[in-house]
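Me: Please take a close look at the largest cavity in this structure, and tell me which residues line it and what else can be said about its surroundings.

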Amino acid sequence: MEYVRLGRTGLKVSRICLGMMTYGSRDWRDWVLDEQAATPIVRRAVEQGITFFDTADMYSVGGSEEITGRLLRSLFNHRDDYVLATKVFFPVGDGPNDRGLSRKHIMTSIDRSLRRLGTDHVDLYQVHRWDRETPIEETMEALHDVVRAGKARYIGASTMYAWQFAKAQFTAEKHGWTKFVSMQPQYNLTYREEEREMLPFCLDSGVGVIPWSPLARGVLARGRAAESVRARTDQMMARLSNDEDFAVADVVADVAKARDTSPARVALAWLLSKPAVTAPIIGASRQSHIDDAAAAVDLELTAAEIAALEAPYRPHAVIGH
């Protein structure tokens, strides 16, 4: 496993981040694994040198944070041995203030997340989406206060337009508040719209990029034969499983066959070859998924292979924002 700085910070993270959304309660999503099933998978991640873990308060309505906290405490000797990230924005209750990026919700949410995680701080506290109802000044000052209180070491953002991210960064800099050090966009071989503005902005400003859905929810790993509980039930799959996307997956499979490796490794190696990318966030429901991700770190694609992988892409409508 390789370890690199997150953006321009001094924080070192593994080049693969394990996304913990997969672990929690099936009452939330049919494809979620319980703690017993998750344990050997997360243990394998630790054995492979993964030290970066990402969750969110809304995953299994807090259940993912609880499992994440218990597993990491049991698998690592010291809290400083791993990098823990969580997120805030989406509803975690029925009340009008149980969502968004208001000062009230942020301050309440960080305390609840820390209790569920069983720790006194997270290393990276991220806004899950842009809040169109809350002034950005209110959000950035609240996040700054979370950092000043020692409850988070750094702050990050996820899935928004580049102009929104730039506005947040400008607002923080203008007032002397803590700026975002990372961006978590949707980015993979079937969805490359962030290459237009967000990735160049992050690269220019020294922001670390930790993409989610690096395998397009399994399409790049399984191709046209993709079939799983998540594929049948995840609404996003319908927007990531058209003929154009499968054409990309076909090329991934061809490159993998020529290299005598798996399509998942090829798709992840492509992401890892991008200068802006720090660490893709993988989901893993089997130990083999961990092994594929770890092996991708050492897989160097040629310029010709990268060109072939990128050639079938067609522009998409922006989704997820």
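Reply: The largest cavity is lined by 13 residues, and those nearest its centre are L101, W130, D131, I136 and T139. A cavity here is a set of points, on a 1 Å grid over the protein atoms alone, where a 1.4 Å probe fits but cannot get out, and a lining residue has an atom within 4 Å of a point. This is a predicted model, in which local features need pLDDT of at least 70 and side-chain atom pairs count only at pLDDT 80 or more, while totals for chains, interfaces and linings use all residues. Residues are numbered from 1 along each chain as its sequence is written, and side-chain values use heavy atoms, with hydrogens and water left out.

The space in the largest cavity comes to about 70 Å³, where a volume is the space filled by probe spheres set on grid points that are joined across faces, edges and corners. The count of cavities of 30 Å³ or more is one. Helix α4 (residues 136-148) gives the most to the lining of the largest cavity, with three residues; helices (H or I, at least four residues) and strands (E, at least two) are DSSP runs, numbered from the N terminus. By class, the lining of the largest cavity has nine nonpolar, two polar and two charged residues, with Ala, Val, Leu, Ile, Met, Phe, Trp, Tyr, Cys and Pro taken as nonpolar, Asp, Glu, Lys and Arg as charged, and the others, Gly among them, as polar.

D131, one of the residues nearest the centre of the largest cavity, is also among the residues closest to the centre of the second largest pocket, together with F89, G100, R132 and E133. A pocket, in contrast to a cavity, is an open set with protein on both sides within 12 Å along at least five of seven lines. The second largest pocket has a volume of about 210 Å³ and is lined by 14 residues, and its lining has three nonpolar, six polar and five charged residues.

As for the wider fold, eight strands form an open sheet with parallel pairing, in the order β9-β8-β7-β6-β5-β4-β3-β10, two strands being paired if DSSP finds at least two bridges between them. Strands β9 (208-209) and β10 (281-282) stand at the edges with a single partner strand each, so one side of each is left without a neighbour in the sheet. Strand β3 (residues 17-19) runs parallel to β10 and is joined to it by two bridges, and C17 stands opposite I281 in β10.
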